[in-house]
Amino acid sequence: MKAPSGPKTPSAPSSRHGIATTLVTAGRDTEAQRGFINPPVVRGSTVLYPSAGDLHAHRGEFQYGRHGTPTTKALQQALMALEGDNCAGVGLAPSGVAAITTALLAVLKSGDHVLVTDNAYRPTRGFCDGMLARYGVETTYFDPMIGGGIASLFKPNTRAVLVEAPGSQSFEMSDIPAIAAVAHDKGALVIDDNTWATPLYHRSLDQGVDISIQAATKYIGGHSDIMFGTIAANARAWPMVKEAIRLLGVCCGPDDVFLALRGLRTLKVRLAHHQASALEMAHWFQARPEVARVLYPALESDPGHAIWKRDFTGASGLFGIVLKPAPQKAVDALLDTLTLFGMGYSWGGFESLVIPFDCSDYRTATAWAPGGPTLRLHIGLESLDDLKADFENGFAAFNAAK
Ligand SMILES: *Cc1c(COP(=O)(O)O)cnc(C)c1O
């Protein structure tokens, strides 16, 4: 019962609210938390039933830790508000890869065919070529720039299409609405790895996507301190996703659930900063004599810019640069000289990162020949003058080693 002077829960987010308000208010239940703003980190397996009657009827909001806790409920409500009105539910997974594999298993069965973009996250390909192949699901990779031309790749048993835009190494922008229109015409579901933009900058489920994946390890967590994945689905796909989560036993540790929710509260300010810094750095790299090309759809010169501008409301802090041809030892001298740009996988945290990449050895539908060594950069929240100075030192070592 609500005491007359009890703590107020902010009104549930509604379409009247701006997205910044939604990110701050969604999933909060002040009264249930005795006035505290955030939910507790509920560690729990067993939930006790007050009576035999309740037990037989499976009565109670929470039944078992794997199926949900007050902590997971708060995060799921907040994610649903962020994903928008077409979101029927959000599943939580222990990593981005687990979110992708769970989504694929949810919609595919033995004998099916799946179309996967050639720029998909590499472990996604590993799952398709490994476990899905073993279970009798056939994968065909397609050119990320194929658009409506994807129609010719459909077979009678094509059940799903997996897109990722932009690719997290090569940064091509796919025309997701065009691909989705064909897929739906053919009765297939569309899965989008939306990690780069997050639902804040790309509302996948409003653009024809049925299942929208986040490696929440990246920008949702935002601090390089959790592994996490989310699977948002529309009304058509949610029953399948929900069933797969239940049957596979997919669930997450409560600390990570809490940290994902905490990250979500500041997503908008962090992403705005990543975006502004990345854009400035991208322009700075464009003017460097060592750089042949910058791969970033937010740049007007980028081949994906028109689609990005049409379908996305922002760009995150991850982009690529193609260096002018140079020996590996020059690239290594650059990498070894950088101090603020750490060398490491993943991205989306507060810190800047650099990693060399080469897609040419695993692509099958398209050739990757950028014309020089390629680096992927994550622009963190550091001062831009320092980031530029770091790369000035790096380029000096690069030029000296050429
Ligand atoms: C990192 C990443 C994943 C996988 O996320 P994990 O949490 O590391 O399993 C999936 N897709 C993209 C685009 C990623 O960058």
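How do the residues of the shell around the ligand divide into nonpolar, polar and charged? The legends below take up this shell, then the chain and one of its loops. The model is predicted.

**Figure 1. The shell around the ligand holds nonpolar, polar and charged residues.** Seven residues of this shell are nonpolar, five are polar and three are charged. In total, 15 residues surround the ligand. The closest are Gly96, Val97, Asp193, Thr217 and Lys218. Helix 4, which covers residues 96-107, gives the most to the shell. Its share is three residues.

**Figure 2. Gly96, a residue of helix 4, faces the ligand with a polar backbone atom.** An oxygen atom of the ligand is 2.8 Å from that backbone atom of Gly96. Gly96 is also among the residues closest to the ligand.

**Figure 3. The side chains of Asp193 and Thr217 each place an N or O atom by the ligand.** For Asp193, the partner is a nitrogen atom of the ligand, 2.6 Å from an N or O atom in the side chain. For Thr217, the partner is an oxygen atom of the ligand. The distance to an N or O atom of the Thr217 side chain is 2.5 Å. Taken alone, the ligand exposes 380 Å². The protein buries 93% of that area.

**Figure 4. The ligand occupies a pocket of the protein.** This pocket is the second largest. Val97 and Lys218 are also among the closest residues around the ligand.

**Figure 5. The protein chain combines helices and strands.** There are 13 helices and 12 strands. The radius of gyration of the chain is 22 Å, close to the 21 Å that the globule rule gives for 402 residues, so the chain is as compact as a globular protein of that length. Along its principal axes, the C-alpha trace spans about 75 × 55 × 35 Å.

**Figure 6. A cis peptide bond joins Ala165 and Pro166.** Omega is about -10° at this bond. Pro166 lies in the loop between strand 4 (158-164) and helix 6 (176-185).

**Figure 7. Phe171 has a positive phi.** The angle is about 70°, although Phe171 is not a glycine. Where does Phe171 lie? Its place is the loop between strand 4 and helix 6. Pro166, with its cis peptide bond to Ala165, lies in the loop between these two elements as well.

Terms used: Residues numbered from 1 in each chain as written. Predicted model: local features only at pLDDT ≥ 70, side-chain atom pairs only at ≥ 80, totals over all residues. Heavy atoms only, no water. Near = heavy atom within 4 Å. Polar contact = N/O pair within 3.5 Å; in protein donor to acceptor, adjacent residues only side chain to side chain. Areas by Shrake-Rupley, 256 points an atom, 1.4 Å probe, with all protein chains shown as cover. 1 Å grid on protein atoms, 1.4 Å probe; cavity = no way out; pocket = protein on both sides within 12 Å on 5 of 7 lines; lining within 4 Å. Sits in = over half its atoms within 2 Å of the grid points. Helix = DSSP H or I, 4+ residues; strand = E, 2+ residues; numbered from the N terminus. Nonpolar A, V, L, I, M, F, W, Y, C, P; charged D, E, K, R; others polar. Rg over C-alpha atoms; globule rule 2.2 N^0.38 Å.
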